[in-house]
Amino acid sequence: MIEINNITKSYKETKALSGINLNVDEGELFGLIGPDGAGKSTLIRILMTLLLPDSGEAKLDGLDVVKNYKHIRKMVGYMPGRFSLYQDLSVEENLNFFATVFGTTVEENYDLIRDIYYQIEPFKTRRAGKLSGGMKQKLALSCALIHKPKILVLDEPTTGVDAVSRKEFWEMLKNLQEKGITILVSTPYMDEADLCDRVALIQNGQILDVDSPKRITDKFPRKIIQVGAQNMYKLINDLRAYKKAEAVYAFGQFAHFTGFNDEVETIELEGYLQNLGHEKIIAEEIPAGIEDVFMSLMEQ
Ligand code: ADP
């Protein structure tokens with residue numbers, strides 16, 4: 001449904017995309033995962049026909065993003081990262097506006113947005129600018145769906161949204177996928193990778209890997225030891241100073257440690273940390289998560 005062949009894009013001296021190749025199948029929920037500045041928005045804006053690539057080509061449902069841009073705009077639903085709504089229009093005015101622009105009506109397409117819209121309907125006369133973050137997000141999604149798009153593209157829809165709204169949002173995306181819509185969603189949150197059928201890990205305008213989240217983590221070849229102790233700052237420094245340390249990263253309240261050639265055992269690390277006066281030491285081997293893979297690929 002989405003085919004991307006060797007797309008490059010630079011902004012003056014900044015190379016935002018260096019030869020991106022990617023395919024998204026019909027009906028997939030596909031994640032574009034990467035940190036700020038990775039090139040996610042640039043790629044999405046090219047697909048949404050808002051930006052021209054320097055080279056390469058991309059097709060949506062067989063339509064070329066440069067030659068067939070008018071057709072594509074009718075067929076895709078786009079939720080940009082920055083708020084896309086008219087702040088001074090009410091909830092229902094925003095929805096009617098987007099429906100009118102696409103030559104349709106809210107009634108005609110109500111089925112698709114019903115589950116989402118009923119949550120914001122009590123506020124339908126409120127100005128969009130006065131809605132909470134989670135509500136704005138639901139309205140923006142309703143507006144992006146109002147013309148029954150085949151492909152829904154969302155640029156960092158959950159950035160800056162609270163944990164509960166994030167969870168609700170992903171449930172909405174799953175429901176839309178069940179209705180047959182192909183979904184491409186970008187996010188800087190690695191934990192959201194597991195909610196996608198397949199993901200592309202992107203960094204510095206390059207794709208590092210594309211696969212299902214499970215296959216990406218399963219094929220990670222290294223042993224990871226999760227380490228905790230009372231003084232996190234000292235823990236990280238001491239682990240990094242260990243003679244057999246290869247990589248040490250902070251992951252929330254723990255550090256993830258990889259030793260040279262996977263030689264290091266948990267018991268050995270515990271002993272090393274005890275000798276340095278650490279308290280409440282926990283060390284256990286854990287399976288790799290997407291963040292571990294990402295860190296390792298970025299290093300390479
Ligand atoms: P992401 O969406 O992953 O945060 P972007 O596509 O926004 O990444 O940015 C990719 C790179 O291109 C970054 O280095 C960013 O600073 C640069 N960039 C993005 N938009 C512009 C622009 N309009 N002018 C100049 N540089 C830009």
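Visitor: What makes the pair formed by glycine 37 and an oxygen atom of the ligand a polar contact?

Guide: A polar backbone atom of glycine 37 is 2.7 Å from an oxygen atom of the ligand, and a polar contact is a pair of N or O atoms within 3.5 Å (within protein, one must be able to donate a hydrogen and the other to accept it, and residues adjacent in sequence count only if both atoms are side-chain atoms), so this pair qualifies. The model is predicted, with local features needing pLDDT of at least 70 and side-chain atom pairs pLDDT 80 or more, while totals for chains, interfaces and linings use all residues. Residues are numbered from 1 along each chain as its sequence is written, and side-chain values use heavy atoms, leaving out hydrogens and water.

Visitor: Which distances put polar side-chain atoms of lysine 40 and threonine 42 in polar contact with oxygen atoms of the ligand?

Guide: For lysine 40 the distance is 2.9 Å, and for threonine 42 it is 2.5 Å. Taken alone, the ligand exposes 560 Å², of which the protein buries 58%, the areas coming from the Shrake-Rupley method with a 1.4 Å probe.

Visitor: Which elements give two or more residues to the shell around the ligand?

Guide: They are strand E2 (14-24) and helix H1 (40-47), where helices (H or I, at least four residues) and strands (E, at least two) are DSSP runs numbered from the N terminus. H1 supplies three residues, the largest share of the shell.

Visitor: Why is H1 called largely enclosed by the rest of the structure?

Guide: Six of its eight residues are buried, and H1 is therefore largely enclosed by the rest of the structure; buried means under 20% relative accessible area, exposed over 50% and partly exposed in between (1.4 Å probe, protein chains only). The buried residues of H1 are Lys40, Thr42, Leu43, Ile44, Ile46 and Leu47.

Visitor: How do you know whether arginine 166 is buried or exposed?

Guide: Arginine 166, found in helix H6 (residues 163-178), has a relative accessible area of 16%, and therefore counts as buried. Its side chain makes a polar contact with the side chain of aspartate 191, at 3.0 Å.

Visitor: How many residues of domain 1 are in contact with domain 2?

Guide: Twelve residues of domain 1 are in contact with six residues of domain 2, contact meaning heavy atoms within 4.5 Å. Domain 1 covers 2-213 and domain 2 covers 220-299, with bounds from an automatic or database domain assignment, and their C-alpha centres lie 37 Å apart.
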